[in-house]
Amino acid sequence: MHTQLRIGLIGAGGIGRHLAWQLRPLSEARLVGVYDADPELTQRAATELEVPAYESLQAVLDDPELDACILATPPYTHYELGMQILQSGKHLFCEKPLALTVEHCDALLQAAQQSGRVLMVGQVLRLFPLFWQSKQWLQEGVIGEPVAVHLQRRGYELNLFKEGWRADPAQSGGVLLEMNVHELDYLRWLFGEFEVVAAQGRQPFTEPNFIQHWHALLRFENGVAGDIECSIIDALGGYTVRIVGTEGALEHTGFSGEIRYKRIGGQEMNLTPEEIGTPEPYMWELRSFVRAVLYNESLPFDGYDGRMAVANALAVLEKITG
Ligand SMILES: NC(=O)c1ccc[n+]([C@@H]2O[C@H](COP(=O)([O-])OP(=O)(O)OC[C@H]3O[C@@H](n4cnc5c(N)ncnc54)[C@H](O)[C@@H]3O)[C@@H](O)[C@H]2O)c1
């Protein structure tokens, strides 16, 4: 194994190019080429990223100079492309959702195990500063034993979901698989496995043809009572996570804003993302992937976490549709 991991990018859209840029500061990794199903995009990305363009997927799979792939294509392609990448003997960083069915997720996990390759799924939400800090504070016990969690992710994102592959539930999996796997993964990271007790979903607009607003009651195995509400049709927007514990309460506001906690009868403590000062989340997850391959370091989240996020999203959908 080289001390510099040689990585190919498959899928040169929004997140693929962002990930490629985040690889740059990593001395232990190098982007060696790019491939997209759209030849024009492949060329444009190759020029932008200053790497060669692959002519075909087969050329990527056959390249003996390649150790690993970043797969940043739409969800419905992850299973087939992921299987081919792993079976060609390359390590795989796959964007979320890992796949659109639990069976496909399991097949990918099995392929990784059989080939002895690392499979990581981009459940990057955990590495955003306020999300990361909430876990640290919980582990330090600042609010005692957690009792209940309330998470709301709201925004008006209907137009994004009306375009391209995102609009087709067969290609994106709808909002639960395409977006809220992040929230379901985050909650499972905080409190462990859970059961979906009840869920409701609404689709007030015909396009896109899937649930646009949903909420669910969750019961965690450790006793925590949870509820989660996610919306792509809420004009006011906003992100809130509130956790109540036996000795205090904690709240944060998602991607920006602040995180704070108050112990019962105590002072309030608060931090901003700048004060937390964690690395750029996408760079951080890629660095973990690279170091897991090169030095066998443990991953902050892995293929199984990606699989569980998909399984839980499907469990919510099943409750909604009965
Ligand atoms: N972790 C995050 O924060 C985050 C953010 C955005 C997107 N994503 C995920 O990343 C993936 C891609 O999202 P995006 O916003 O970059 O989409 P995008 O549409 O901008 O890019 C996807 C690219 O994949 C290409 N493509 C499609 N099928 C292909 C194939 N068979 N082989 C090669 N290339 C193919 C398309 O031509 C396109 O350029 C999705 O799974 C999405 O959920 C994750």
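This report describes the domains, the ligand shell, one helix and several backbone features of a predicted model.

## Domain arrangement

The chain is assigned two domains: domain 1 covers residues 5-124, and domain 2 covers 126-280 together with 309-321. Their C-alpha centres are 27 Å apart. Where the two domains touch, domain 1 contributes 13 residues and domain 2 contributes 17 residues.

On the domain 1 side of this contact, helices α4 and α5 (102-115) each provide at least two residues. That side is made up of 10 nonpolar, 2 polar and 1 charged residues.

## Ligand shell

The ligand is surrounded by 24 residues, of which G11, G13, I15, A37 and E95 come nearest. Two elements, α1 (14-23) and α4 (75-87), give two or more residues to this shell. Sorted by class, the shell holds 11 nonpolar, 8 polar and 5 charged residues. Helix α4 therefore appears in two settings, since it supplies residues to the ligand shell and also to the side of domain 1 that touches domain 2.

## Helix α5

Helix α5 comprises 14 residues and spans 20 Å from its first C-alpha to its last, close to the 20 Å expected at 1.5 Å a residue. Its buried residues are H104, C105, L108 and A112. These residues lie on the same side of α5, because they cover an arc of only 105° around the axis. On the other side of the helix, E103, Q113 and Q114 are exposed.

The packing partners of the buried residues of α5 are α4, β4 (91-94), β5 (119-121) and α12 (303-321). Just after the helix, G116 adopts a positive phi of about 65°.

## Surroundings of Y35

Y35 belongs to strand β2, which runs over residues 29-35. Y35 is classed as buried because 28 other C-beta atoms lie within 10 Å, and the cut-off for a buried residue is 20 or more. Apart from neighbours within four places in sequence, Y35 is in contact with G8, I10, T42, Y54, L57 and V60.

The model also relates Y35 to a position far along the chain: L286 is 251 residues away in sequence, and the two C-alpha atoms are separated by 19 Å.

## Cis peptide bonds

A cis peptide bond links K96 to P97, with omega of about -10°. P97 is located in the loop between β4 and α5, so the loop holding this bond leads into the helix described above.

Another cis peptide bond joins E207 and P208, again with omega of about -10°. P208 is in the loop that lies between β7 (194-202) and β8 (213-220).

## Positive phi outside glycine

E50 is not a glycine, yet its phi is positive, at about 55°. The residue sits in the loop between α2 (39-49) and α3 (57-62). E50 counts as exposed because it has 8 C-beta neighbours inside 10 Å, where 12 or fewer is the limit for that class.

N296 is likewise not a glycine and has a positive phi of about 60°. Its place is the loop between α11 (281-295) and α12. N296 is exposed, with 8 other C-beta atoms within 10 Å.

Conventions. Residues numbered from 1 in each chain as written. Predicted model: local features only at pLDDT ≥ 70, side-chain atom pairs only at ≥ 80, totals over all residues. Near = placed C-beta within 6 Å. Helix = DSSP H or I, 4+ residues; strand = E, 2+ residues; numbered from the N terminus. Nonpolar A, V, L, I, M, F, W, Y, C, P; charged D, E, K, R; others polar. Domains from an automatic or database assignment. Contact = placed C-beta atoms within 7 Å. Expected span 1.5 Å × (residues − 1). Arc of directions from axis to C-beta.
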